[in-house]
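Here is a set of exercises to work through at your own pace. Keep the sequence and the 3D view open side by side as you go.

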Amino acid sequence: MNRKIEFNLAGTKAIAIMHDDRVPKTCDAIWKILPIEGRSIHANWSNREIMLHLGGKNFLKIEQEDSDVEGPVAPGDIRYYYRAPQMSRGSQKAYDPQFSRELSEFAIFYGFPSGGETDPIRSRPSQPGLTAHMLFATFEDIPNDFLLKCWDNRTKGLQQISVRRLE
Amino acid sequence: MITLAKSIILTFPGEKVIAKAELLEQDAAITCNAIWKTLPVKGKAIHDIWSGHVFFVFLDPTVVIESENLSRPDVAPGDLFYYYRPAHYFRGAPYGRLEASEIGVVYDRDSQPRGPRGVKLVNVFGKITENLDGVKKIGNQMITQGNKDFVINKA
């Protein structure tokens with residue numbers, strides 16, 4: 001049975017189904033850290049994507065579990081992403097310092113097909129062992145108010161976001 | 001006789017940050033001339049979602065300039081570029097605009113003008129010569145704080 005999780009972005013909600021059948025270890029690891037909350041930040045290389053960085057006790061380093069991750073992502077995809085510190089030239093100064101080099105995050109794709117992990121800052125060229133990205137959940141539906149809040153990340157700045165278990 | 005390059009001033013009124021740029025008239029005469037005529041440009045600077053460390057401001061009304069001094073396709077920190085997107089080139093109406101023209105500002109490395117179709121070639125027409133660090137700071141702030149008021153004027 002596929003578990004469900006709920007995203008609450010600044011008061012707007014969207015429910016996603018986890019891909020327990022494809023990436024069970026990833027789903028288990030993520031399930032264990034829920035509920036979590038933080039502030040979402042918009043991506044700069046991947047089109048319509050917001051990210052929730054996983055820091056402190058919620059930092060997740062999961063081994064690559066599924067290999068069918070190349071190519072664009074679709075709206076509604078939610079991916080787990082890990083980047084080893086070696087993968088980042090310099091540091092990303094807009095990020096909280098704990099994420100400026102080594103990073104784990106949920107990557108939430110909310111718009112037209114996106115570059116996703118094929119963007120230059122992520123894994124092009126791919127470096128096995130230094131990055132991981134797994135599609136671990138997909139939104140059942142993305143309500144319009146949730147979509148608008150996602151875009152607010154770009155135009156208004158960081159937004160409060162939380163993720164919790166549903167079933 | 002020495003002809004001095006035309007200069008423009010980039011201002012972020014809310015942050016009281018000012019930077020100066022030179023127009024690359026020798027390499028992009030048509031673009032520089034057209035941009036010069038549109039000044040002052042006032043609007044909201046918005047951070048790019050495809051291209052890395054780039055923000056841009058739309059030109060209203062849309063200004064159409066022919067291709068010139070195109071990026072190869074990489075750009076460097078401090079580059080200013082012009083880009084025109086014809087109607088229906090991308091699906092839908094990105095940013096609520098069927099067609100659009102913009103001035104882009106590259107504030108740090110690891111940047112490459114891109115869009116839904118991949119790399120896009122842009123007219124590189126200017127270079128920031130003073131206070132790129134200030135612009136870099138604003139660019140990074142836009143990632144976490146959102147759009148910023150932005151003015152481009154003749155020096």
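The exercises below start with chain B, move on to chain A and end with the contact between the two.

This is a predicted model, in which local features need pLDDT of at least 70 and side-chain atom pairs count only at pLDDT 80 or more, while totals for chains, interfaces and linings use all residues. Residues are numbered from 1 along each chain as its sequence is written, and chains are lettered from A and ligands numbered from 1 in the order in which they are written.

**Exercise 1. Describe the make-up and overall form of chain B.**

Step 1: list the elements. Helices (H or I, at least four residues) and strands (E, at least two) are DSSP runs, numbered from the N terminus. Chain B has two helices and ten strands, and their order from the N terminus is β-β-α-β-β-β-β-β-β-β-α-β.

Step 2: check the dimensions. The C-alpha atoms of chain B fit a box of roughly 50 × 35 × 30 Å along the principal axes. The radius of gyration, taken over C-alpha atoms, is compared with a globule rule of 2.2 Å times the number of residues to the power 0.38. For 155 residues a compact globule would come out near 15 Å, and the 14 Å of chain B agrees with that.

Step 3: look at burial. A residue is buried if 20 or more other C-beta atoms lie within 10 Å of its own, exposed if 12 or fewer, and partly exposed in between, with C-beta atoms placed from the backbone. By this rule, 41% of the 155 residues in chain B are buried.

Step 4: look at contacts. Two residues are in contact if their C-beta atoms, placed from the backbone, lie within 7 Å. Of the contacts in chain B with a separation of 6 or more, 76% are between residues 24 or more positions apart.

**Exercise 2. Trace the barrel of chain B and place the helices on it.**

Step 1: follow the strands. Two strands pair if DSSP finds at least two bridges between them. Eight strands of chain B form a closed barrel in the order 1-2-9-5-6-4-3-10, with antiparallel pairing. On average, neighbouring strands of this sheet are turned by 30° against each other, direction ignored.

Step 2: zoom in on one pair. Strand 5 of chain B is joined to strand 6 (residues 100–106) by six bridges, and Y83(B) stands opposite E102(B) in strand 6 of chain B.

Step 3: add the helices. Axes are lines fitted to C-alpha atoms, for helices over the stretch in contact, and angles run from 0 to 180 degrees between N-to-C directions. Helix 1 (residues 29–38) of chain B lies across strands 2, 3, 5 and 9, at about 65° to strand 9 of chain B. Helix 2 of chain B also packs on the sheet, and its direction makes about 115° with that of strand 2 of chain B.

**Exercise 3. Find the unusual backbone spots in chain B.**

Step 1: recall the background. Most residues other than glycine have a negative phi, and most peptide bonds are trans.

Step 2: check phi. K16(B) has a positive phi of about 55°; this residue sits in the loop between strand 1 and strand 2 of chain B and is exposed, with 8 other C-beta atoms within 10 Å. N131(B) has a positive phi of about 70°; its loop connects strand 9 and helix 2 of chain B, and with 15 C-beta neighbours inside 10 Å it is partly exposed.

Step 3: check omega. The D60(B) to P61(B) bond is cis, with omega near -5°, and P61(B) lies in the loop between strand 4 and strand 5 of chain B.

**Exercise 4. Which residues of helix 1 of chain A are buried, and what covers them?**

Step 1: name them. They are T26(A), C27(A) and I30(A). Seen down the helix axis, they fall within an arc of 95° (taken from the directions from the axis to the C-beta atoms), so they line one face of the helix.

Step 2: find the cover. It includes strand 2, strand 5 and strand 7 of chain A.

**Exercise 5. How many residues does each chain give to the contact?**

Step 1: count. Chain A gives 18 residues and chain B gives 16 residues.

Step 2: locate the side of chain A. Strand 3 (36–42) and helix 2 (144–155) of chain A are the elements that give two or more residues to it.
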